[in-house]
Amino acid sequence: MIRYENIHKVFGDLEVLKGVNFEIGTGEVVCILGPSGSGKTTLLRCTNFLEPPTRGIVTIADVTVEAGRHTKQQVHQLRQLSTMVFQNYNLFKNMTAKENVMEALVTVQKKSKQEAGEIADKYLNQVGMGERRDYYPSQLSGGQQQRVGIARGLALNPHAILFDEPTAALDPELVGEVLSTMKEVAKTGITMAVVTHEMGFAREVADRVVFMDGGVVVEQGKPAEVFDHPQYPRTQQFLRAVTKKDGLAS
Amino acid sequence: MPLKRQTYFHSRSIPVENGKEKGAIILYYNFGMEYFTGAFAPIASCMHTTLIMTFAAFISAFILSVLLAMVAMTKNRVVQILFKAWLSLFRGTPLLCQLFLFCFGIFPLIPGIRDTPLIFQGSVCLALAYSAYMCETIRGAIQSVDKGQMEACLSCGLTKGQGYRRVVLPQAFRLSIPALMNNFIDCFKATALCSTVGVTDMMLRSKMLANKSYHFLEVYLAVIILYWALNMLFVLIQKVIEHKLDAKY
């Protein structure tokens, strides 16, 4: 479960988040949609305090952290309950695929090398990267790197996994392999927060979509409701623009 | 080998093309081959001093510079000012002056260091000076590692320290190897300056030989060839290291 209470984030003079409130239930898959600059990515980065919120309360499972009064210890706990999949993959460049997955298992969870290796193999196989376990990130395609990134996140057995536009930096023909891996992940029943521009994925996989604009949540609901019967003009406008683009592409 | 003082310079006048003899004088020098070849063995016998100073100074400068680079990245104002002053002091003054100041001025005042061998004192000076150069190298390398690498570490639950140790510093180290090797070569060459404060390295040994025999050309040619040969060796090692690391990732 992830809960946001009145999250504010200010960069200099720019207020990016203006009081965000919503909750992602345990095992729920929530896609966060919205135009660029609406604060989706910032919100996701506030979840594990990569960007500490200026104000507000973040809860993951049983850890509640209030921005401004947070301690290193609390932030560390938040980060152990969640992992993140990045737009630019951010695999550790000095390690092989397998070492990437093993790293936090050994360093953070203090598992033995052997046990970590077995876990890493299991998750790499799950994302279809078992045969490339000894490759360095520079030797892998974007899609393959992202699948390793997902395995790295899953292997830690986190309460929630945060996807920050995981397909935005990929070549179009590689998007499919990552999305289908994410669908598999969604089936495992893990809590997922997904910032994405992939409307098809959101419609098909999400339990709920949250539409953000101008630093607040404008609308949320089941994908079918939001996509087919958006209530607010801003949502309608956004969806029209996006589907139009999709229409041209296909 | 007995060394005697001799006169080596002979002069003769040479005719100019149009036939008129002018008073142009060219000095002809009898190159004392035995002094040249004979100089290598005694100079090379001090090679270990040069090498020990080079490695001792470079390794301690490296450790110091990593610490300095970490310190430099903190946001504390006072620390920043002290750090800038440190850099400016060591990079903005001649190394020779620093050596004299430390070895003749400061170290004799400090009880623990007063009686240490000169080679140690010289190495400390070099380490201090080169840490200032190298810490800029290291800092640049750390900052050129993609920010996302540290974010990925944090998001996986690693602490900042673990992230630096396991991911950022290894990458930064690799990025900085060419520049560090340049620092190493500079440091190696700078050890010759320590001869001025009395460390019997290759340079001081050759100076003593030359002063004794008056065969300056032969002896200094020999010492410069020795320095150059060592330099070539280091460059070769650098190439091997770079090649090995390139093969990795």
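This is a short selection-by-selection tour of a predicted model.

A little housekeeping before you click: residues are numbered from 1 along each chain as its sequence is written, and chains are lettered from A and ligands numbered from 1 in the order in which they are written. Because the model is predicted, local features need pLDDT of at least 70 and side-chain atom pairs count only at pLDDT 80 or more, while totals for chains, interfaces and linings use all residues; side-chain values use heavy atoms, with hydrogens and water left out.

**Stop 1: chain B as a whole**

Colour chain B by secondary structure and you should find 10 helices and two strands. (Helices are DSSP runs of H or I with at least four residues, strands are runs of E with at least two, and both are numbered from the N terminus.) Walking along the sequence, the order is β-β-α-α-α-α-α-α-α-α-α-α. Of its 249 residues, 41% count as buried; buried means under 20% relative accessible area, exposed means over 50%, and partly exposed is in between, with a 1.4 Å probe and protein chains only. Among contacts in chain B with a separation of 6 or more, 72% come from residues 24 or more positions apart, where contact means heavy atoms within 4.5 Å.

**Stop 2: helix α3 of chain A**

Now select residues 97–107 of chain A, which form helix α3. Nine of the 11 residues are buried, so expect to see this helix mostly covered. What covers it? The buried residues pack against α4 and α5 of chain A together with α8 (160–190) of chain B. Those buried residues include Lys98(A), Asn100(A), Val101(A) and Glu103(A).

Stay on Glu103(A) and bring in Arg166(B): their side chains meet in a salt bridge at 2.8 Å, N to O. (A salt bridge is a side-chain nitrogen of Lys or Arg within 4 Å of a carboxyl oxygen of Asp or Glu.) Arg166(B) sits in helix α8 of chain B and Glu103(A) in helix α3 of chain A, so this pair joins two chains. Glu103(A) is buried at 3% relative accessibility, whereas Arg166(B) is partly exposed at 37%.

**Stop 3: α4 against α5**

Show residues 113–126 and 142–155 of chain A, helices α4 and α5, whose axes come within 9 Å and cross at roughly 135°. (Axes are lines fitted to C-alpha atoms, for helices over the stretch in contact, and angles run from 0 to 180 degrees between N-to-C directions.) That makes α4(A) oblique to α5(A): under 35 degrees would be roughly parallel, over 145 roughly antiparallel, 65 to 115 roughly perpendicular, and the rest is oblique. For side chains to display, try Ile119(A), Tyr123(A), Leu124(A) and Gln126(A) from α4(A), with Val148(A), Ala151(A), Leu154(A) and Ala155(A) from α5(A); these make the contact.

Zoom in on Ala155(A), which is buried with a relative accessible area of 5%. Leaving aside neighbours within four places in sequence, Ala155(A) touches Val101(A), Leu105(A), Ile119(A) and Tyr123(A).

**Stop 4: Asp164(A) and its surroundings**

Next, pick Asp164(A) in strand β7 (residues 160–164) of chain A. Asp164(A) is buried yet has no salt bridge. How far away is the nearest side chain of opposite charge? That side chain is Arg45(A), at 5.3 Å; Lys and Arg count as positive and Asp and Glu as negative, with His and the chain ends not counted. Beyond its neighbours within four places in sequence, Asp164(A) has contacts that include Thr41(A), Leu44(A), Phe86(A) and Val195(A).

Click on Arg45(A) itself and you'll find a salt bridge to Glu51(A), the closest N and O atoms being 3.3 Å apart. Arg45(A) is buried at 14%, and Glu51(A) counts as buried at 19%.

**Stop 5: two positive phi angles**

Most residues other than glycine have a negative phi. Glu165(A), in the loop between β7 and α6 (172–187) of chain A, has a positive phi of about 40°. In chain B, look at Tyr214(B), in the loop between α9 (202–213) and α10 (216–248): its phi is near 65°. Glu165(A) is buried at 11% relative accessibility, while Tyr214(B) is partly exposed at 41%.

**Last stop: a pair within α6**

Finish with Lys187(A) and Glu184(A), which share a salt bridge of 3.5 Å, N to O. Both lie in helix α6 of chain A, three residues apart, about one turn of the helix. Lys187(A) is exposed at 66% relative accessibility, and Glu184(A) is partly exposed at 41%.
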